[in-house]
Amino acid sequence: MNHEKIEQAVQLFLEGIGEDPDREGLVETPRRIADMCEEIFGGYTGGAKEILSKTFRAETGDMVVEKDITFYSMCEHHLLPFCGKVHIGYVPDGKVVGLSKLARTVEVYARRAQLQEQLTGQIADAVMKYLAPKGVMVMAEAEHMCMTMRGVKKPGSRTVTYAARGVFEENESLRQAFMQMVSM
């Protein structure tokens, strides 16, 4: 990440909105924003492959569900936050992954300029590619500040997206079981 460019951009932005970047309260803001970007957009430097590579042998072929994984991301259209929860279900094919690894996978993709629809698919694709289960289903529900604090101004509205891969694409009852487990 290029801190210098971010700091220059923030300084120009402050000038553009009519602020004085040399005002006491704003002098350190460009640096603070650059530091914040390291955290908020840190998903560009990591990958799901490393996260999902540590697996454990498992005899079960029953669905594993990790639900209510909180995430924060930034809308790529307005650079405003959207946040919510991701639910991941997968059917193992001889191996499972530590549950924290699913949450870490969510973080990799959430910490980018992002679309919720794309985020949901990226998580599902990563689990399929690197864990190689029989199938995976991912559901994300989020509130978008670009709909809450600007534009249509509808606080409390949530967007729900899902992605189904493998056996979840083919098996309606498996999808329904996932949805039922998520709603518990």
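**View 1. The open sheet and its five strands.** In this predicted model, five strands line up as an open sheet in the order β5-β2-β3-β6-β7, and the pairing is mixed. The edges belong to β5 (113–114) and β7 (159–166), each of which pairs on one side only. Helix α4 packs on the sheet, where it touches β2, β3 and β5, and its direction makes about 20° with that of β2. Helix α8 (residues 172–183) packs on the sheet too, touching β2, β3, β6 and β7; here the direction of the helix makes about 45° with that of β6.

**View 2. Strand β3 and its two partners.** Zoom in on β3 (residues 81–91): eight of its 11 residues are buried, so the strand is largely enclosed by the rest of the structure. Strand β2 (residues 64–75) runs antiparallel to β3, and nine bridges join the two. To find the register, look for T70 opposite K85 in β3, and for V65 opposite G89 in β3. Strand β6 (residues 135–144) also pairs with β3 in the antiparallel sense, this time over 10 bridges. A handy marker for that pairing is C83, which stands opposite E143 in β6.

**View 3. The turn of the β2 and β3 hairpin.** Five residues sit between the strands of this hairpin. If you're checking backbone torsions, stop at L79, which takes a positive phi near 55°.

**View 4. Helix α4 against helix α5.** Helix α4 (residues 99–110) packs with helix α5 (residues 116–131) at an angle of about 135°, their axes 9 Å apart. That angle makes α4 oblique to α5. The crossing of α4 past α5 is right-handed. On the α4 side, the residues that meet α5 are L102, T105, V106, Y109 and A110; on the α5 side, they are L119, Q122, I123, A126 and V127. Sorted by class, this contact has eight nonpolar residues, two polar ones and no charged ones.

**View 5. T105 and its surroundings.** Now pick out T105, which has its place in helix α4. Is T105 buried or exposed? Its relative accessible area is 0%, and buried means under 20%, so T105 counts as buried. Which residues are in contact with T105, leaving aside its neighbours within four places in sequence? They are A48, I51, L52 and A126. Of these, A126 takes us back to the previous view, as one of the α5 residues where that helix meets α4.

Technical notes: Residues numbered from 1 in each chain as written. Predicted model: local features only at pLDDT ≥ 70, side-chain atom pairs only at ≥ 80, totals over all residues. Heavy atoms only, no water. Axes fitted to C-alpha atoms, helices over the stretch in contact; angles between N-to-C directions. Helix = DSSP H or I, 4+ residues; strand = E, 2+ residues; numbered from the N terminus. Parallel < 35°, antiparallel > 145°, perpendicular 65-115°, else oblique. Left-handed = near helix turned anticlockwise from the far one by under 90°. Contact = heavy atoms within 4.5 Å. Nonpolar A, V, L, I, M, F, W, Y, C, P; charged D, E, K, R; others polar. Buried < 20%, exposed > 50% of the residue type's maximum accessible area, 1.4 Å probe, protein only. Pairing = 2+ DSSP bridges.
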